[in-house]
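Trainee: I would like a close look at one single part of this model rather than a tour of everything. Please pick a segment, go through what pairs with it and what is tied to it, and then place it in the whole.

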Amino acid sequence: MNPKTQKKIDNLERIERFPAEDFFDYLSLEKEDKLLDLGAGAGYITLAIAQYVEKVVALDIDQDVLSYLKHKAIQKKISNIETTVGDFKVLPFLDDIFNKVVASISLHEVTPLSLVLHEIYRVLKENGTFLCIDLEKTDTSTGPRVPSQEMEVEMRKAGFSIKETIRASIQFANQPVYIIVAQKK
């Protein structure tokens, strides 16, 4: 593995996070679910959720990181994970194929946001759940951020109904996090 990829993976693995399982209550997981993990990275959500669903598709733009994720899945004897290299703005999937979509700390990096949200809506089945976990914009934010209120507006424009918005007490890399649970209607 090249040093740049190794450094990226080390950073992803070292980040202090809350347990991925903390989010499962927002998803109402079913054993027959097909779930898309957008920006899967090293598998923080993918590996944790795989045992509860039929299939997880881990999408990321970085093939090397996805290879690492696949290797970790094999080590853990998890066989229902499929990795796909792709761009959020043009998801390489048919319409209406996922029951659930999770985007964890990844949408704040993508512009225009509207394209991504329309793509998520397109690949999600009717009544499917979209769980967005992202960093709240604050006065001290240093990187790109999408405020939770703006995210809600953009989700509605894409066709989603907002079921719940939580300004979480948890933090990611010492930054406030919000959770939005949306549904395709």
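Mentor: A residue is called buried when its relative accessible area is under 20%, exposed when it is over 50%, and partly exposed in between. Keep in mind that this is a predicted model. The part I choose is strand 4, which spans residues 98-104.

Begin with its cover. Of the 7 residues in strand 4, 7 are buried, so by the cut-off of under 20% the strand is mostly covered. Strand 4 has a pairing with strand 1, residues 34-38, in which the two strands run parallel and 4 bridges join them. Within this pairing, leucine 35 has lysine 100 of strand 4 as its bridge partner. Strand 4 also pairs with strand 5, residues 124-135, again in the parallel sense, and here there are 6 bridges. In that pairing alanine 103 stands opposite cysteine 132 of strand 5. Between strand 4 and strand 5 the chain passes through helix 4, residues 113-123, and the resulting β-α-β crossover is right-handed. As for the side chains, in a regular strand they alternate between the two faces of the sheet.

Lysine 100 deserves a second look. Besides its bridge to leucine 35, lysine 100 forms a salt bridge with aspartate 33, and the closest N and O atoms are 2.7 Å apart. Aspartate 33 sits in the loop between helix 1 (3-14) and strand 1, whereas lysine 100 belongs to strand 4, so their pairing ties together parts that lie 67 residues apart in sequence. Aspartate 33 and lysine 100 are both buried. This is one of 8 salt bridges in the structure. Side chains of opposite charge can pair when their charged atoms come close.

Next, the segments on either side of strand 4. Before it comes a loop that starts from strand 3 (81-85), and this loop holds aspartate 95. Aspartate 95 makes a salt bridge to arginine 122, at 2.8 Å from N to O. Arginine 122 is in helix 4, 27 residues from aspartate 95, and the pair links distant parts of the chain. Aspartate 95 has a relative accessible area of 44% and is therefore partly exposed. Arginine 122 has 21%, which also makes it partly exposed, because the buried class requires a value under 20%.

Arginine 122 has a further partner, glutamate 119, and the N to O distance in that salt bridge is 2.8 Å. Glutamate 119 and arginine 122 are both in helix 4, 3 residues apart, so about one helical turn separates them. Glutamate 119 is buried, with 13% relative accessible area. Asp95, Glu119 and Arg122 are thus linked in a network of salt bridges.

After strand 4 comes the loop that leads to helix 4, and proline 112 lies in it. The peptide bond that joins threonine 111 and proline 112 is cis, with omega about -10°.

Two other loops have residues with unusual entries for phi. Serine 28, in the loop between helix 1 and strand 1, has a positive phi of about 45° although it is not a glycine. Its relative accessibility is 51%, so serine 28 counts as exposed. Lysine 77, placed in the loop between helix 3 (63-75) and strand 3, is also a residue other than glycine with a positive phi, near 60°. Lysine 77 is exposed, at 76% relative accessible area.

Lastly, the whole. The protein has 5 helices and 7 strands, and along the sequence they follow the pattern α-β-α-β-α-β-β-α-β-α-β-β. Of its 185 residues, 49% are buried. Among contacts with a separation of 6 or more, 67% are between residues 24 or more positions apart. The exposed surface is about 9200 Å², and carbon and sulfur atoms supply 49% of it.

Key. Residues numbered from 1 in each chain as written. Predicted model: local features only at pLDDT ≥ 70, side-chain atom pairs only at ≥ 80, totals over all residues. Heavy atoms only, no water. Buried < 20%, exposed > 50% of the residue type's maximum accessible area, 1.4 Å probe, protein only. Pairing = 2+ DSSP bridges. Right-handed = clockwise from strand over helix to strand, strands pointing away. Salt bridge = Lys/Arg side-chain N within 4 Å of Asp/Glu carboxyl O. Contact = heavy atoms within 4.5 Å. Areas by Shrake-Rupley, 256 points an atom, 1.4 Å probe, with all protein chains shown as cover.
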